[in-house]
Amino acid sequence: MTRRFLCTALLLSLLAAAMLLFACGSGGQPEPVPERQTAPTDITGSLPDVPDTAAPAETTVTHTTAVSTESAMTVQTYAAVTEADPSEFQHRNYAGGTDDPNEEEQTLPTVVTVRTTVSTTRSTTRRTTAQTTRGTAGTGAETAKSTTTTTTTTTTTVPLSGRQAEMKKLVRSYKRTCAVLMTAQDGTVLFSYQPDKAISGASLIKLPYVYFCCVQLSGGVRSLTDSVTYTADWYHGGSGIIRKNGYGKTYTVAQLMDYALRYSDNVAYDMLVYLFGIKGFDDMVQSWGYSVSISASRFPPVTAAFMTAAMTKMQAASALGGCWQIAWDALTGSVQSYVRDTLGISGMAVKYGSISAQYHETCYVPGEMPYTLVILSGAVNSTPDVSFVQNAARCAQKIAAAYEDVIFTQPTTTATTETTTTTETTTATGITTAASETSTGSALTDTTAFPAEPAQTEATAKGADGA
């Protein structure tokens with residue numbers, strides 16, 4: 001029994017050892033399970049390769065939508081008077097407490113000139129000549145020469161520099177203070193004389209001030225229906241019609257702007273300044289790059305350059321409608337303009353200014369070549385120097401026409417064609433003629449010696465004609 005147990009135990013030990021040896025020979029530990037991998041995201045390229053055992057990466061699609069934004073144009077506004085004391089803005093509180101001496105009552109002469117356009121022509125004409133030469137002793141040579149000339153009529157045009165020289169001569173010979181500035185609508189300065197010279201501007205200031213009112217109105221400051229009632233406190237002499245209409249009448253902002261530009265109304269201007277203020281206007285002008293101010297005097301000195309800027313800005317804004325159209329209609333319908341009367345051009349926008357010592361006009365002249373013209377001139381015995389203004393207007397229109405030729409007219413060349421026909425006949429002595437008749441009588445042979453055939457001469461003539 002004991003021996004059998006020992007044998008069984010031995011066999012079991014041998015079997016366990018064999019199994020242990022088999023396990024060691026097969027390579028040992030089992031292969032571990034791979035961990036889950038996450039592929040990195042690359043939005044600019046493709047995803048990297050991953051082992052088959054990895055979980056599939058999630059693909060993220062990003063949609064980018066272009067967003068267009070519209071920016072609304074904002075209108076610059078300036079400090080406005082809200083609760084103002086009328087006495088601060090009425091005429092009696094100008095410098096000295098009386099009516100501004102720059103705005104005296106005047107009766108402006110009315111001058112209407114009919115515009116006449118004269119076309120100057122130049123003709124070129126040449127004579128036809130003939131020359132004959134004769135020979136002697138029975139030998140003659142005759143040469144006839146004729147010249148055919150095409151007469152061309154051309155219009156004489158003076159170049160732009162020549163027209164500018166005419167204006168330069170006019171202003172330099174002027175014995176009083178003046179300034180002239182002419183600018184094409186494309187921004188080209190066509191003529192400039194003392195554009196930055198400050199000269200008492202009188203009512204010219206009403207043009208930029210009404211522009212300021214339109215800026216304020218467009219920005220929501222006040223409205224066209226706001227109104228002021230005319231009383232004795234608002235009385236102001238000089239130009240205008242409100243003071244002639246009697247007290248107690250009420251005028252809207254729209255009417256005041258129209259009267260200030262159409263009739264150069266001083267009361268209307270005073271009321272606008274009361275409604276819209278002084279500081280805002282001065283700030284606006286400073287933003288333009290000028291130092292013109294109405295804080296010390298309601299009718300300050302101005303320059304031709306400043307007035308050009310005001311008219312140019314007003315013309316550019318005239319298409320916006322509303323208050324801008326009211327202002328522009330008043331300018332085109334203004335009651336006084338020697339430039340408009342002289343040139344006879346309808347649709348001109350004009351603001352004039354007149355004081356005892358000077359007369360001025362700021363004009364926008366429409367046409368094929370629109371331009372802005374500012375004329376600041378002296379006065380003669382307290383009346384406008386009409387002759388100087390008219391001459392300056394005529395010179396300006398000639399400059400505009402010459403500039404239009406430069407821009408739109410192609411240079412032309414006038415050619416003069418001369419045709420020369422020469423016929424030469426030579427007769428020589430001693431010509432013999434022999435004739436013979438054949439026996440058959442069916443043909444006649446003429447052996448007479450003749451001069452050269454004229455076919456060559458005809459060919460020469462045709463060649464000269466260009467045929």
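## A strand pairing and its surroundings

In strand S11, histidine 360 is the bridge partner of glycine 353. This pairing belongs to a predicted model, and the report starts from it before turning to other parts of the chain.

### Strand S11 and its two partners

Strand S10, which covers residues 349–354, and strand S11 run antiparallel and are joined by 6 bridges. The connection between S10 and S11 is a hairpin, in which 3 residues lead from one strand to the other. Strand S11 is also joined to strand S12, residues 371–380, by 8 bridges, and these two strands likewise run antiparallel. One of the pairings between them is that of cysteine 363 with leucine 373, its bridge partner in S12. The hairpin of S11 and S12 has 5 residues between the strands, and in this hairpin glycine 367 takes a positive phi near 140°.

How many of the 8 residues of strand S11 are buried? The count is 8 of the 8 residues in the stretch 358–365, so strand S11 is largely enclosed by the rest of the structure. Both faces of the strand are covered, since Gln358, His360, Thr362 and Tyr364 are buried on one side, while Tyr359, Glu361, Cys363 and Val365 are buried on the other.

### Serine 264 in its loop

Serine 264 is placed in the loop between helix H4 (253–262) and helix H5 (266–276). Is serine 264 buried or exposed? Its relative accessible area is 1%, and because a residue counts as buried when this value is under 20%, serine 264 is buried.

When neighbours within four places in sequence are left aside, serine 264 is in contact with Ser203, Lys206, Ser239, Gly240, Tyr259, Lys351 and Tyr352. With serine 203 there is a polar contact from side chain to side chain, at 3.1 Å. Serine 239 is 25 residues away from serine 264 along the chain, yet the C-alpha atoms of the two residues are separated by 6.0 Å.

### Salt bridges

The structure holds 6 salt bridges, and the table lists some of them with the distance from N to O.

| Nitrogen side | Oxygen side | N to O distance |
|---|---|---|
| Lysine 398 | Glutamate 166 | 3.9 Å |
| Arginine 176 | Aspartate 385 | 3.3 Å |
| Lysine 279 | Aspartate 283 | 2.9 Å |

The side chains of lysine 398 and glutamate 166 meet in a salt bridge. This pair links distant parts of the chain, with lysine 398 in helix H10 and glutamate 166 in helix H2 (residues 160–172), 232 residues apart. Lysine 398 is partly exposed at 38% relative accessibility, and glutamate 166 is partly exposed as well, at 30%.

A salt bridge also joins the side chains of arginine 176 and aspartate 385. Here too distant parts of the chain are linked, 209 residues apart: arginine 176 is in the loop between H2 and strand S4 (179–184), and aspartate 385 is in the loop between strand S13 (383–384) and H10. Arginine 176 is partly exposed, with a relative accessible area of 35%, whereas aspartate 385 counts as buried at 10%.

Where do lysine 279 and aspartate 283 lie? Both are found in helix H6 (residues 279–288), 4 residues apart, which is about one turn of the helix. Lysine 279 is exposed, with a relative accessible area of 54%, while aspartate 283 counts as partly exposed at 27%. Elsewhere, salt bridges that share partners join Arg163, Glu166 and Lys398 into one network.

### The surface and the chain as a whole

Phenylalanine 408 is placed in helix H10, which covers residues 386–408, and this residue is exposed, with a relative accessible area of 52%. Together with Val406 and Ile407, Phe408 makes a nonpolar surface patch of about 300 Å². The protein chain exposes about 28100 Å², of which carbon and sulfur atoms supply 53%.

The protein chain has 11 helices and 16 strands, and 36% of its 467 residues count as buried. Among the contacts in the chain with a separation of 6 or more, 67% are between residues that are 24 or more positions apart.

Note on methods: Residues numbered from 1 in each chain as written. Predicted model: local features only at pLDDT ≥ 70, side-chain atom pairs only at ≥ 80, totals over all residues. Heavy atoms only, no water. Buried < 20%, exposed > 50% of the residue type's maximum accessible area, 1.4 Å probe, protein only. Contact = heavy atoms within 4.5 Å. Polar contact = N/O pair within 3.5 Å; in protein donor to acceptor, adjacent residues only side chain to side chain. Areas by Shrake-Rupley, 256 points an atom, 1.4 Å probe, with all protein chains shown as cover. Patch = residues over 30% accessible without salt bridge, like charges linked within 9 Å, V, L, I, M, F, W, Y side chains within 5 Å. Salt bridge = Lys/Arg side-chain N within 4 Å of Asp/Glu carboxyl O. Pairing = 2+ DSSP bridges.
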